[in-house]
Amino acid sequence: MINQKTINATLHLADTTLILAQKNSEWCAHGPILEQDIAITNITLDLIGQSRMFYQYAAELINEVENKNETEDTLAYFRSEREFKNFLIAELPNGDWAQTILRQFFFSCFHQLLFEKLQHIEDKQISAIAVKSLKEINYHVKWSSEWVIRLGDGTLESHSRMVKAIEILWPYTGEFFNAEENDLIEVKKIKSNWIQKIEAVFFEANLLIPGNVFMQTGGKQGIHTEHLGYILTEMQSLQRAYPGLEW
Amino acid sequence: MINPKDHIYSILEKIFDPEIPVLTIIDLGIVRDVIIIDEQTIEIVITPTYSGCPAMDVISFEIKLALLESGYKNIKVTYTLSPAWTTDWMSESGKRKLLEYGIAPPKKNSSRVNKMLFEEETNVSCPQCNSSNTNQLSEFGSTACKSLYKCNDCNEVFDYFKCH
Ligand SMILES: [Zn+2]
């Protein structure tokens, strides 16, 4: 039986990967060196691919339940800010390379733990997407971990930039573990594993996890920062101006 | 009379991957099933290599085109995600063709994908001089499925089709 919960959960997974990909793609042709420009855009392509699989599945479910005609494109291009359920961390500005790396690291570590659980859930399509995506996410975790260590344990300049990035991004990591009615797994249960992963890499990188700070929430409920509106305006502008336009 | 399934496979064997044009879609192992519904109607089931592989739409189009040209009227191309694609499905002839093309083929056993931090796949042989004295420049290469290596003997930079 299809329920609204699965649809909402699938859209949340699709939205987060899409918005993060959209932000990361700004690095295309602007990366610090060519190899890393290619790396971040490869990761972005993986995220877009994962996002497409979730949107396609969400569209299929919505069409079955509500007798509509949604597609991956209508879901990505014709939903408004409040309808997007991505994590807030995905929509934040890229900042410098340190901030982009750290966000990818925080998210990929969470993504890996989440999908390791999702691959065993009852819903066959979501579990198939999780199994497939995990192969890619493992690369993302490795790559971003290595960069956190390189920068954290690098020069005074790179270290101080990582410290600043932690200050900016840490308050947006609490949202990963905020339980909500649409969750497909118990997110609280993966929190300690996530902290361990972060701690292990931070130890190598000479970095520290901040003490208790106020954690931002709202993305999963559609309450966003001021940044999402700009992202959607740009991303959706072509389809809004010429609905249904194809290459 | 030739088995109709074999006939369809012989058509699919002539369709090349748009990004690595020496490999056919059969070499890559992305054709998962051929279902003959009736004499003119067939379904081809394919699986993507990587989630974001931009070649899938082109491949799907080329499959339809090739089969239409061979007289089939109704062709459906569907996607499956499970089991997830692995480089272990690449044919031996595909690996040989990759090597001749200048891309180091994936080594057997995709289970070795999970590496330690800063660990790179070693003993990747240079497709130019066959030396195994090579090292990784970047885990992410010109496409998602490749990483970038350099040969320390002949100094050539080359792509390695990484295990997945
Ligand atoms: Zn060589």
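The following exercises, each with a worked solution, concern the zinc site, the cysteines and the largest pocket of a predicted model.

Residues are numbered from 1 along each chain as its sequence is written, and chains are lettered from A in the order in which they are written. Local features of this predicted model need pLDDT of at least 70, side-chain atom pairs count only at pLDDT 80 or more, and totals for chains, interfaces and linings use all residues, while side-chain values use heavy atoms, with hydrogens and water left out.

**Exercise 1.** Determine which protein atoms are donors of the zinc ion and what arrangement they form.

*Solution.* Step one is to list the donors, that is, N, O and S atoms within 2.8 Å of the metal (3.2 Å for Na, K and Ca). The SG atoms of B:C126, B:C129, B:C151 and B:C154 qualify, lying 2.3 Å from the zinc ion.

Step two is to examine the angles. Four donors count as tetrahedral if all angles lie between 85 and 135 degrees. Because the four donor atoms subtend angles of 105 to 115° around the zinc ion, the arrangement is tetrahedral. For comparison, the ideal angle for four tetrahedral donors is 109.5 degrees.

**Exercise 2.** State how the donor residues of the zinc ion are spaced in sequence, and which parts of chain B the pair B:C126 and B:C151 ties together.

*Solution.* The spacing of the donor residues is C-x2-C-x21-C-x2-C. B:C126 belongs to the loop between β4 (103–104) and β5 (134–138) of chain B, whereas B:C151 is in strand β6 (residues 146–151), so the pair joins parts 25 residues apart in sequence. Strands here are DSSP runs of E with at least two residues, and helices are runs of H or I with at least four, numbered from the N terminus.

**Exercise 3.** Decide whether B:C151 and A:C109 are buried or exposed, and count the disulfides.

*Solution.* Buried means under 20% relative accessible area, exposed over 50%, and partly exposed in between (1.4 Å probe, protein chains only). B:C151 is buried because its relative accessibility is 0%; A:C109, at 2%, is buried as well. A disulfide is a pair of cysteine sulfur atoms within 2.5 Å, and the whole structure contains zero of them.

**Exercise 4.** Describe the lining of the largest pocket.

*Solution.* Among the 38 lining residues (an atom within 4 Å of a pocket point), those closest to the centre are A:R52, A:Q56, A:E72, A:D73 and B:D57. The largest share, ten residues, is supplied by α2(A).

Methods. Tetrahedral: all angles 85-135°; square planar, octahedral: opposite > 155°, others 65-115°. 1 Å grid on protein atoms, 1.4 Å probe; cavity = no way out; pocket = protein on both sides within 12 Å on 5 of 7 lines; lining within 4 Å.
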